[in-house]
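User: Hey, I've got a two-chain model open and want to talk it through before I head back to the bench. Can you pull it up too?
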Amino acid sequence: MAISDVNPFVEPPRGPNMFAQITDNVTRIAEVDKPPRAWYIAFGFAQLVLLMFLSSLGYVVWNGIGAWGNMMPVAWGFPIVNFVFWIGIGHAGTLISAILFLLRQNWRTAINRFAEAMTIFAVVCAGVFPGVHIGRPWLPYYMMPIPNQMDMWPQFRSPLEWDIFAVSTYATVSILFWYMGMIPDFATFRDRATTTVRRVAYGIVAMGWRGSSRQWHRYERAYLILAALATPLVLSVHSVVSFDFATAQLPGWHTTIFPPYFVAGAIFGGFAMVVVLAVPARQFFGLKRIITIRHLELMNKIIIATGLLVGYSYGMEFFIAWYSGGKYEQFTFVNRAFGPYAWAYWTMISCNVLIPQLHWFKAIRTNPWTTLAIGLFVNVGMWFERFVIICTSLTRDFLPSSWGYFIPTPVDYMTLGGSFGLFFTLFLLFCRYLPMVAMSEVKAFSPAAHAAHAHAGEHAHVPAPSHAEPAAALES
Amino acid sequence: MSSIDKKKTSLRVLSQAQAQAPARAAEGSDTQKPTYWRSLAELEQSPEFLELASREFAMPLDQEPPNSPGRRRFMQIMGASMSLAGLDACRWREDKILPLSRRPEGMIPGSSRPFATAMEINGLAVGLHAMSYDGRPIKIEGNPQHPDSRGAAAAFHQASVLGLYDPDRSESVVARAGGARKESSWAEFQKTLSDLSTGLRSARGSGLCVLSERSSSPTLLAQKQRLLDTYPEAKWVTFEPTQSDGARAGSVLAFGKAHRVHYAFDAARVVLTLDADVVAPTFPAGLANARALTRLRTPERGQMSRIYAVESDQSLVAGLSDHRLAVRSSWIKAIAAELDARISAKVNALPELGAPQAAPAAAFLKDEKVQKFVSALLGDLLLSPNIGRSVIAVGPNQPAEVHALGYRLNQLLGNVGRTVFFTEDSDAADTSDVAALKSLVAEMNAGKVSTLVMLGGNPVYDAPADLSFSDALGKVKTSIHLALYEDETSERSSIHLPAAHYLESWGDARSLDGTISIVQPLIAPLYGGRTASELLAMLLGVGNPNGLELVRRTHPSLSAEHVWRKTLSEGVIAGSGVQRVAPKLKPLDKFPLSDFELSSKGVELVFATDAKIIDGRFANNAWLQELPETFSKLSWDNAVLISPRTAQELGVKEADSVTLTLAGRSVSLLALIAPGHADGSLKITLGHGRKSAGHVGGLVAESIDPVGGNAYAIRTSDAYQIAQGVGVTSNGTVPYRVPSTQDVYSVGAIGLSGTAERLPELVREGTLEEYKKKPDFVEEIVEHNPLLSLWVPPVSYEGHKWGMSIDLNKCIGCSACVTACQAENNIPVVGKLNVAMGREMLWLRVDRYYKGPPEDAEVAFQPIPCQQCENAPCEQVCPVGATMHSHEGLNDMIYNRCIGTRYCSNNCPYKVRRFNYFNYNLDTIGITPYTPTDDPKAKVKAMIFNPEVTVRSRGVMEKCTFCVQRIQNTKIKAKNAKRAIPDNEIRTACQQTCPTDAIVFGDLNDGRSRVASLQKQPRSYALLGELNNHPRVQYLARIKNPNPALAPAQEPKKEHG
Amino acid sequence: MDLFVFPRWANKTKQIAGLVLGVAPLYLTALVWYGASPKTTDVGYQPKQPVPYSHALHAGKLGLDCRYCHNTVEDSSHAAIPPSQTCMNCHSKVWTKSEKLAPIRESFETGKAVEWVKVHDLPDYAYFNHSAHVTRGVGCVTCHGRIDQMEEVYQHEPLSMGWCLDCHRNPDKNLRPPEEVTNMTWQPPGDPAEFGKMLREKNHLAPPTDCSTCHR
């Protein structure tokens, strides 16, 4: 990228040793012997929740999924709601790292790393559910195209089959992308390591990175290619997931608007989750000067934009229902807004459409705490969106005789809540041991990088050779 | 790969397939599961089986039921059914094969064959065919030869086979002294008995009393006579809690003599039912009535009968009726009187018929609706072509006077001898059961009864509350109770004797028209039970009575062996029906009408026989308990039904818990608001709330709650059928999920309007006039775009093309088909909670919809099996191909391939798919056919399974398959014999048992098949056809034949569900 | 402390890793593919029987027709194992004292079954029908192998779903005139495929491959 666009958002420190400061800000987090107490408290709590998650899943696998509230007609209850919810969360990361990268949105550098991490952990959480929600969790390999003595293949007409490929591809690429981005920073960790263990450990994951300009050159190319590969995935995954519903015949599911609607929702929810994570992170790990208010503000703007998209979709669903003249379709939507699940519907509307509008006020969208609050609301709203889609549609399908009402069991709540335990456990570990911010990239767009270009010699003392390089590499 | 799969197989997938064990057992008795014998060996160690074994092998040959080699080998089967799989390390389970050591002539192992037998309830027998799979009765069907069955069987008939294998059945003679329970034996009982009888003989039987269930068995009645000859002083009392005396007493009033009344509905152009659910299986000859009544409901004939129903509760006949008047049961007397007055005025009644009743001065008779109804009705009844072509039927709950009036009205209208017939009821007692029991209890209390022999029944539980039979029983020195279960009465008797199940018994019984059926056993008594007549024989001094001999002695006409065998295989004694008579009607004097019968003050409570568990005798039958009740769709409970308005007046809300109080006695139970129920009338069914029924029906001793509320607790001898002035107090809503399978929660205003909007399309309906004008009116009810498909149909259905046609005009909602399906397809019971959570497993459900204003809603039924769509939504979405399309157009469901994503169910517009959320066989009924168990009870339970159908385990989806096992077996048979399959040779279980022939299955490619012609009929339509699923099931629209005079009554088209 | 990059020896690990990652999957696949196939696990299963009944002797030397003992094979799904009675038809005359036959005699007297061990054991959810195959001209030998040469019977074919489907999809090579089904040595005149095709058309055979053919 043109060196001229110096990242305007990274506030000072200016001056020669600012690279050192950036490096310090980030690596310190992983290097201090004792992380802040907040971390321990959070981690301990996350562990407990994770335990609850595992025990509830164990209970379900042992006794049968009847332990959940699933019934007829609502054969998909919480598990699938949670699955779609987490998959949705897992969108912001790749979007930020890939699409914004291709669009040269340099400000992404401050947040892309843990956005990516978040993506991966969210996909992990999502991945748990399809596996355990099936009636016979010991047979998922029936869905894999493995040759077998039965001469049986999976049925490729089924959207669930498409899911498998979509999600696994997405997970693979995201992980590669994430890991690759971290390599230079691992090198930095390695080089600053004080203990052998750290040295060797980071040394191995750094894969012998020395920051030679050749390495940088190849690295940037590869990164670019991966970004290009990842970009379509951002759109494809949730589109495919939305097919689970869109291809079905059920009123409320059977609609063509789902793919874009789901993708918009995913980005919406994803960014909400990023701010929810970013605000405390910058607070507790002293990254205020790297993840700045401006970053939050920009994300909030994206939240407004995507929120409006989602709101539009909600409206459009009603319009189509009316316009199609389909009796069952119309009933479904009237029932959504005013039927037994109206409470869920209006929770969704207020969290996803109304509350984000507060971001129109600069005071609110530039205040980390209101940002955090609204982010939380959006996440709640996005969970309810999936709940509404699944439960209201299924409980009021074609024959009134098969109508029902879904009541979740305690196990349902334990599984839902528990999945956050998994997510946060992973995330906290990430914060503690991995580079939370893409140092090299941040540096690349810092004024210093500019300066560095002018008189490259000045900060030869900066430890890792990697730091001066990006600018140089980027130029070429 | 493969072995992994196989491991799965044996470990999981259908490891339960061993549930099939019996199945394979079947085959077992000759091939397959070895373990049978292994487990048999185990078995033989256990005492009950040792005893059994001795009996079995001691059985002399002549006692061997004919043509039943299978049964001779009962022990093998026992063993077989108990196949237990030990998992072998490297390979899956090692199976053993246990050939019979001598295979009887003509026996083909692994095939099921019907044996004719009969089941008697309340003195009325219905002939049955019991399907025996290698000596294991596994399914009950109707006996086509039997006049009251014609191949049909009610839910409780079919479920009775489950009772045979009920592990709660009592297994030994039990003696009780001062609260101490002591297991005893028949031998000891024999001793006790001989001591007793010497004493009794000397006392000429004074102090001896036999309390018997009502029975029409010639053998039993002959023995009764012999007993009374031997013990002149002895007393014989018959008590049947569901027996209402109205018909008998009414006939005495009208003819001076007890008669039975028979209706020929297939000759009736106008039918009026007065509180009479003539098509209900619990109604005398109900199955036959259903068949006859629906025969004239086929619009294709151009003519239809017109049915008027006057009743307090929704009844099965209401679903058929063209006009229905919901009034209190206690008002019907006045209505009958009104009819009598007005009809007598019109027809020139012969003087010897006496004067008519005076038109009663009842406010409700002046009511505009009632007036319209009555005059329209009269118009029809008195229409000249209808004279002698109508039927007026009176229900069992009505008092004698109404029955007498019914007879008189039929006489006046010239129906007697044309549509209404009489036979003499020679066995009828001369008092009502209640009166008889009352006097018995009086004697017991007076200490006049030293020995009370109870042949079945459960009086401690079901005798009128005011008699406090239990206390009286305490005053009897020796009380002997013969029963299938150690029930409430056994617990208070000094001796309990295990009774033989009717499938274990020799016997005989008469149907309503007197036709005698032979009851033959399909299996040697599992627990050494004996029949009532065997016990009587013992009383009469026979040491070791032989049921077969007893029966054969009663029927000398059948002594010739070939005659006997022929009779057995047919199941009925040809021409044994009772001669019809034309009794002379006596003038009836004017009946007084009580204030209650005229005015609308107070609330009446109607005690009704339960359609599922009758008087409570089937309370421990899980199939029946779980079967959704026809109207409330309530399973696992009973409820007091209240009309919407009355509920409002009484401050009762849907699903409240209410307390009914009657003469200081009270019972609390669930209240449900029943559309179309008569205002001021409450209905409660008998037989629920049992405390010692068993592990299914309630066993307080083991803290298993009773199911539902016990109506007997407030039923007294003076308020026996219809109680007046019952107190109702609501305890408000209790935190309780109603175990109902439809409208579990009120669907709310939107739901109601939505239902109303789509109902006309789902259950399409028209009048005879409309139909004549435009036979294909159903086509216009739904307008939709032309149905185009993206794909060329994947299969061209050469060869067979299976389809089904269901006639909504004939379905009475009796749910016999549901139980048939459950028995045929090994459908598990899920239990109360899971039903409440919406997880019932029944493959075939009967949807019930209400139409019109709640206060007099019309009811419509719609059986929903899997529609076997040609363009099936379920097939497209299964990721593993566990549900695939067959070349004959079936949606094959492969349990072993299913991993349980449940997507298919979500995508099924009919929601006919059922999912095993738990391992129901194991978790809820404790059958563990495939996990090793030493519990003989679990093993016995496993004997019920149909070998031809895989038993599903946890986590797999299942659904109706059009009884594919029947299709396959017939196809193979036919092809082996190089012959074509004639129409109607393959019959699905539901079709086979349907009393009204509403379900027709067959090959759509066979132009001459019934189903093909039915689906071609103009009123045939596909449910939700506009979705372009091409369902293979089609429905024949409901056609009503309303009286033009009442047309506006149809007006309020507001509908709700 | 010097930078940790990779020591020189680490270079080798590349190749090793490459080798392991490349070959191991192939090896495992092959292992499972072969090791877990019914051909390996099931074929040759030969349990010990309570009576050392020799098919080689009875069906082979003495030339008894299969249907003398398995007499329900043509009209039932099960080729019934004969009752002890059947054995006694002859063995009440010959070998009446033989120790080996003691279990048979005992069973005949007591009426209890001999506990034969099942050799050809399909999963219980697979519904195989002997009559459907025998009457269509699928020979015993096709699925059971040369019974007439087996001292004690063992499983000769995998009996796996794939194996069944092979034949249901193209049955020609396994068809023979129905009267020849029990003939262990029958050979088609001329080209088997041709002859089979002829038979298939003659007897209007179209083996179904619908799921419900075997699974209910």
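User: Let's start with one residue: is B:D776 buried, partly exposed or exposed?

Analyst: Quick note before that: this is a predicted model. B:D776 counts as partly exposed, because its relative accessibility is 30%, between the cut-offs of 20% and 50%.

User: Which side chain does B:D776 meet in a salt bridge?

Analyst: That would be B:K774, at 2.8 Å from N to O. B:K774 also counts as partly exposed, with a relative accessibility of 32%.

User: OK, and how many salt bridges turn up over all chains?

Analyst: A search of the whole structure gives 69. One of them pairs A:E297 with A:R365, where the closest N and O atoms are 2.9 Å apart.

User: What does that A:E297 and A:R365 pair tie together?

Analyst: A:E297 sits in helix α10 (residues 293-324) of chain A and A:R365 in helix α13 (residues 362-365) of chain A, so the salt bridge links parts 68 residues apart in sequence.

User: Are those two buried or exposed?

Analyst: Both fall under the 20% cut-off: A:E297 counts as buried at 4% relative accessibility, and A:R365 counts as buried at 13%.

User: And which residues are joined with them into one network?

Analyst: Salt bridges with shared partners connect A:R294, A:E297, A:K362 and A:R365 into one network.

User: Switching to the interface. How many residues of each chain are in contact?

Analyst: On chain A it's 68 residues, and they contact 65 residues of chain B. The area buried between the two chains is about 5600 Å², with carbon and sulfur atoms giving 57% of that.

User: Why quote an area for an interface?

Analyst: The accessible area lost when the parts come together is often used to give an interface's size.

User: Fair enough. How many salt bridges and polar contacts go across?

Analyst: The rule finds two salt bridges across the interface of chain A and chain B. It also finds 35 residue pairs in polar contact there, counting pairs with both residues at pLDDT 80 or more.

User: Which elements of chain A give two or more residues to that side?

Analyst: They are α2 (37-63), α6 (159-192), α8 (213-246) and α11 (327-338) of chain A. The one that gives the most is α11(A), with six residues.

User: What's the mix by class on chain A's side?

Analyst: The side of chain A that touches chain B has 43 nonpolar residues, 18 polar ones and seven charged ones.

User: Back to the charged pairs: what does A:D397 form a salt bridge with?

Analyst: Its partner is B:K911, with the closest N and O atoms 3.2 Å apart. A:D397 is in the loop between α14 (368-395) and α15 (410-433) of chain A, while B:K911 is in the loop between α32 (903-906) and β36 (914-915) of chain B. Both A:D397 and B:K911 are buried.

User: Now the chains themselves. How many helices and strands does chain A have?

Analyst: Chain A has 18 helices and zero strands. Of its 476 residues, 63% are buried, and its accessible surface comes to about 16900 Å², 73% of which belongs to carbon and sulfur atoms.

User: And how many helices and strands for chain B?

Analyst: Chain B has 37 helices and 42 strands. Buried residues make up 68% of its 1057 residues, and chain B exposes about 33600 Å², with 56% supplied by carbon and sulfur atoms.

User: What share of contacts comes from residues 24 or more positions apart?

Analyst: Counting contacts with a separation of 6 or more, that share is 81% in chain A and 75% in chain B.

User: One helix caught my eye, α11 of chain B. How many of its residues are buried?

Analyst: Eight of the ten residues in α11 (286-295) of chain B are buried, so the helix is largely enclosed by the rest of the structure. Among the buried ones are B:L287, B:R291 and B:L293.

User: What covers them?

Analyst: The cover includes β3 (124-133), α7 (155-164), β9 (259-263), β10 (270-274), β11 (306-311) and α12 (316-320) of chain B.

User: Last one: where's B:V738?

Analyst: B:V738 is in the loop between β29 (727-733) and α26 (748-762) of chain B. At 10% relative accessibility, B:V738 counts as buried. From B:V738 to B:P775 is 37 residues in sequence and 42 Å in space, C-alpha to C-alpha.

Note on methods. Residues are numbered from 1 along each chain as its sequence is written. Chains are lettered from A and ligands numbered from 1 in the order in which they are written. This is a predicted model: local features need pLDDT of at least 70, side-chain atom pairs count only at pLDDT 80 or more; totals for chains, interfaces and linings use all residues. Side-chain values use heavy atoms; hydrogens and water are left out. Contact means heavy atoms within 4.5 Å. Buried area is the accessible area (1.4 Å probe) that two parts lose on being put together, summed over both. A salt bridge is a side-chain nitrogen of Lys or Arg within 4 Å of a carboxyl oxygen of Asp or Glu. A polar contact is a pair of N or O atoms within 3.5 Å; within protein, one must be able to donate a hydrogen and the other to accept it, and residues adjacent in sequence count only if both atoms are side-chain atoms. Helices (H or I, at least four residues) and strands (E, at least two) are DSSP runs, numbered from the N terminus. Ala, Val, Leu, Ile, Met, Phe, Trp, Tyr, Cys and Pro count as nonpolar, Asp, Glu, Lys and Arg as charged, and the others, Gly among them, as polar. Buried means under 20% relative accessible area, exposed over 50%, partly exposed in between (1.4 Å probe, protein chains only). Accessible areas come from the Shrake-Rupley method with a 1.4 Å probe; for residues, only the protein chains shown count as cover.
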